[in-house]
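Me: I'd like to learn how to read buried aromatic residues and the sheet around them. Can we walk through a case together?

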Amino acid sequence: MFSFFLKRIGVVIPTFIGVTLLTFSLIRLIPGDPVELMAGERGVDPARHAQLLAEMGLDKPLLVQYWNYLTGIFQGDLGTSLVTREPVLREFFTLFPATLELGACAIVIAVLVGLPAGIIAAVRRGKVTDYTVMGLSLTGYSMPIFWWGLLLILLFSVGLGWTPVSGRISALFWVDEVTGFMLIDAFLSDEKGALLSALHHLVLPSIVLATIPLAVIARMTRSAMLEVLREDYVQVARAKGLAMPLVICVHALRNALIPVITVIGLQVGVLMAGAILTETIFSWPGIGKWLLDSIHRRDYPSVQGGILLVSCVVILVNLTVDIFYGVVNPRIRHNR
Amino acid sequence: MKKMLTRLLLVLVMLSIAGFAQAKTLVYCSEGSPEGFNPIFYTAGTTFDATAKNIFEGLTHFIRGTTEIEPGMAESWDVSADGKVYTFKLRKGVKFHSAKHFTPSRDMNADDVIFTFERQWKKDHPFHKVSGGSYEYFEGMSMPDLLSSIEKVDDYTVKFVLNRPEAPMLANLAMDFAVIASAEYADAMMKAGTPEKIDQWPIGTGPFVFEGYKKDAQIRYTANKDYWKGKAPIDKLVFAITPDASVRYAKLKAGECQVMPYPNPADLAAMKADANINLMEKEGLNVGYLAYNTLMKPFDDVRVRKALNHAINKAAIIDTVFQGAGKPAKNPIPPTIWSYNNATVDDAFDLETAKKLLADAGYPNGFGMKIWAMPVQRPYNPNARRMAEVIQADWAKIGVKAEIVSYEWGEYLKRSKDKDRDGAILLGWTGDNGDPDNFLAVLLGCDGVGGSNRAQWCYQPFEDLIQKAKVVADPKERTKLYEQAQLVFKEQAPWATIAHSVVFEPLSKNVVNYKIDPLGGHIFYGVDLK
């Protein structure tokens with residue numbers, strides 16, 4: 001198990017360096033000059049332009065800039081935002097809990113709904129339930145997030161008035177930041193009704209962000225289950241007279257879960273990408289919206305640092321998933 | 001039991017909301033997050049709304065809803081006969097806000113004024129480098145070249161000595177970069193070893209006191225009880241940061257906010273029809289233009305520029321691009337600015353005249369050129385690509401084959417300044433201070449060639465007029481000079497003036513006394529809730 005763990009870590013390090021190189025070069029490949037964007041229509045004269053570039057450290061050769069960036073990372077310094085002048089690390093960790101909270105709720109919804117939906121579709125293969133689940137999941141998968149989010153807002157928030165339109169909590173509450181997780185902070189605060197308001201605000205964005213992973217999980221669970229249900233040991237279990245629910249939960253599901261867990265791990269990356277749109281529609285103050293703003297403003301340190309940290313999260317989740325495989329399926333652990 | 005608990009919870013929620021609602025709270029769905037909390041570092045309107053417009057004040061003010069100047073932190077002022085010395089008498093009894101980490105021990109005085117300007121101006125000032133030390137507006141308004149000295153005459157008198165007369169000086173001092181900061185606060189934070197705190201937690205003298213910021217989510221203020229003009233009618237002000245215009249509209253409809261900026265043009269008809277929404281509108285302080293590069297052939301010939309201007313159908317642009325929310329522009333300054341010359345005769349849409357002028361200039365069969373279309377939406381141009389297409393189609397009728405080009409916004413701005421830039425460029429301007437100089441000198445003055453003067457147009461008769469207007473103190477004489485300058489501009493046609501847009505601001509019906517700021521800000525002092 002330990003050598004398996006080490007091998008996995010060994011893959012992570014080059015991936016991490018690749019990410020630093022990619023983010024550093026990609027943001028610089030996009031045309032656009034942070035000084036010009038800052039100055040807008042007024043513009044700045046060439047001398048001031050050069051001075052500002054020098055102050056931002058952007059006048060140095062690219063290799064030197066990359067080296068400074070890399071050495072900064074190893075000292076725990078991801079630089080300072082060119083726009084807000086705040087350390088990137090501080091900005092990230094101020095906003096990350098909001099994304100984590102939303103992402104966690106979304107993945108919980110996706111798993112709690114997607115997994116049973118996939119199982120039901122597999123068990124009732126070829127029946128109306130199967131076609132309904134598969135049809136709905138295909139629709140969910142192909143739904144543009146932006147349109148879907150606005151549709152839900154118009155229906156549930158504006159039309160029916162059941163849910164708030166956007167934000168993490170009603171503007172009437174001012175909850176002190178203790179953990180950064182609104183649900184916990186609202187629970188800890190003295191403000192009556194804050195927790196309910198925070199929960200209320202989480203409903204629509206979580207559903208929107210969960211839609212694509214839910215569809216993928218449902219489809220993956222269905223196909224994995226179908227395969228497992230055909231296996232001899234499942235047939236034997238059924239022949240022995242075990243009740244179907246027991247066969248599914250005890251015998252089939254555990255084996256069917258392996259590809260599903262891989263997909264759940266991969267969906268973390270999809271969630272991060274979806275968070276950019278979901279956070280923009282629902283004015284959710286997380287890192288998705290922050291990254292998008294930083295790209296628009298050509299705020300190089302924020303984009304580099306933000307993407308690097310998001311990549312670290314995705315790498316870590318996938319590493320955990322890889323290790324978790326071993327727990328779920330001993331064959332993997334021993335084969336490697 | 002469960003039912004009882006739920007009911008109890010609901011009652012508690014209602015009570016808490018009701019308790020809060022007793023304090024009048026206005027929620028403004030702002031369009032973005034402020035870059036920071038000291039306006040001296042930034043140039044974005046979003047940042048100014050969150051800071052300068054509501055927390056701070058300058059020596060002079062713009063009267064709310066207008067571009068006229070009124071006394072602010074300065075109660076009165078004298079200008080010397082040569083226009084180079086401004087002596088300000090400061091208002092007494094003006095209190096700075098308090099915060100958990102700072103309680104002011106004195107009223108605003110001359111030390112604060114000197115601190116405010118010297119921090120931005122003098123490189124050896126102890127606060128000059130704090131928080132990055134980049135003062136784009138102060139630099140952009142040429143303040144370092146303009147200022148000779150700032151002297152404290154006594155605690156409530158400050159003298160600004162200039163290197164040259166500058167008629168727009170009082171308007172400049174009402175701008176967001178010139179708001180007065182507390183020198184006492186700066187000293188206290190320096191002693192505490194956290195000088196950058198003054199840029200993170202704003203302490204001003206304005207009508208609203210900063211209470212806190214949750215990044216990208218909310219900014220909260222309370223009304224300043226000690227405000228020298230009297231407490232604001234509302235008790236609390238909340239900026240709920242909502243970047244998407246459709247979502248802002250949904251929030252307004254759901255009653256989650258009462259004021260929203262920058263509505264989608266497509267939503268305007270529905271807003272007008274909504275009985276719960278008051279859609280306010282005002283002509284914007286802006287101009288959208290098409291600048292020819294007058295240094296390059298064939299645009300160095302005024303006949304060519306005039307011909308192209310005659311071949312643009314502005315009425316079609318107002319219909320298709322502005323969807324009616326704009327007015328054709330004939331001058332380079334909007335009609336809301338004093339000295340606007342209504343006598344200017346616009347180049348009428350007349351293809352025959354255009355063809356004749358082209359033939360006179362030696363291009364009877366037209367020529368090929370480029371039109372630069374901005375990649376972004378701006379108040380003065382909601383859809384540059386569409387506008388370029390309309391112009392392209394119009395020009396094709398006189399034999400001018402225009403190719404539309406565009407670049408990423410930063411790149412676009414950079415390349416637009418090149419003296420050898422090819423073709424004509426779509427761009428525009430929103431005024432900073434309501435002074436004609438802020439349009440005519442910045443956009444068309446000789447100093448701006450290779451920079452903000454995208455037509456690269458340096459025409460001495462025009463330059464003489466605007467330079468003279470800059471140093472003349474008498475407003476009537478300045479008006480005459482600017483009126484003349486507009487006629488010269490029209491005759492020489494370095495631009496095709498396209499349109500001035502209309503600014504819309506939807507509010508809930510229960511908001512009273514809100515005024516649209518012609519300078520594009522969002523000011524909440526004086527606003528009340530029914």
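Me: Is Tyr28(B) buried or exposed?

Reply: Buried means under 20% relative accessible area, exposed over 50%, and partly exposed in between (1.4 Å probe, protein chains only). Tyr28(B) comes out at 0%, so it counts as buried. Keep in mind that this is a predicted model, where local features need pLDDT of at least 70, side-chain atom pairs count only at pLDDT 80 or more, and totals for chains, interfaces and linings use all residues. Side-chain values use heavy atoms, leaving out hydrogens and water.

Me: Which ring does Tyr28(B) pair with, and in what geometry?

Reply: Rings of Phe, Tyr and Trp (its six-membered ring) pair if their centres lie within 6.5 Å; planes under 30 degrees apart are stacked, over 60 edge-to-face, the rest tilted. Here Tyr28(B) meets Phe239(B) edge-to-face, at 4.8 Å centre to centre with 70° between the planes. Phe239(B) is buried as well, at 1%.

Me: Where do those two residues sit in the chain?

Reply: Strands are DSSP runs of E, at least two residues, numbered from the N terminus. Tyr28(B) lies in strand 1 of chain B and Phe239(B) in strand 10 of chain B, 211 residues apart.

Me: How do strands 1 and 10 of chain B pair?

Reply: Strands of a sheet pair through backbone hydrogen bonds, either parallel or antiparallel. Two strands count as paired if DSSP finds at least two bridges between them. Strands 1 and 10 of chain B run parallel over four bridges, and Val27(B) stands opposite Val238(B).

How values were computed: Residues are numbered from 1 along each chain as its sequence is written. Chains are lettered from A and ligands numbered from 1 in the order in which they are written.
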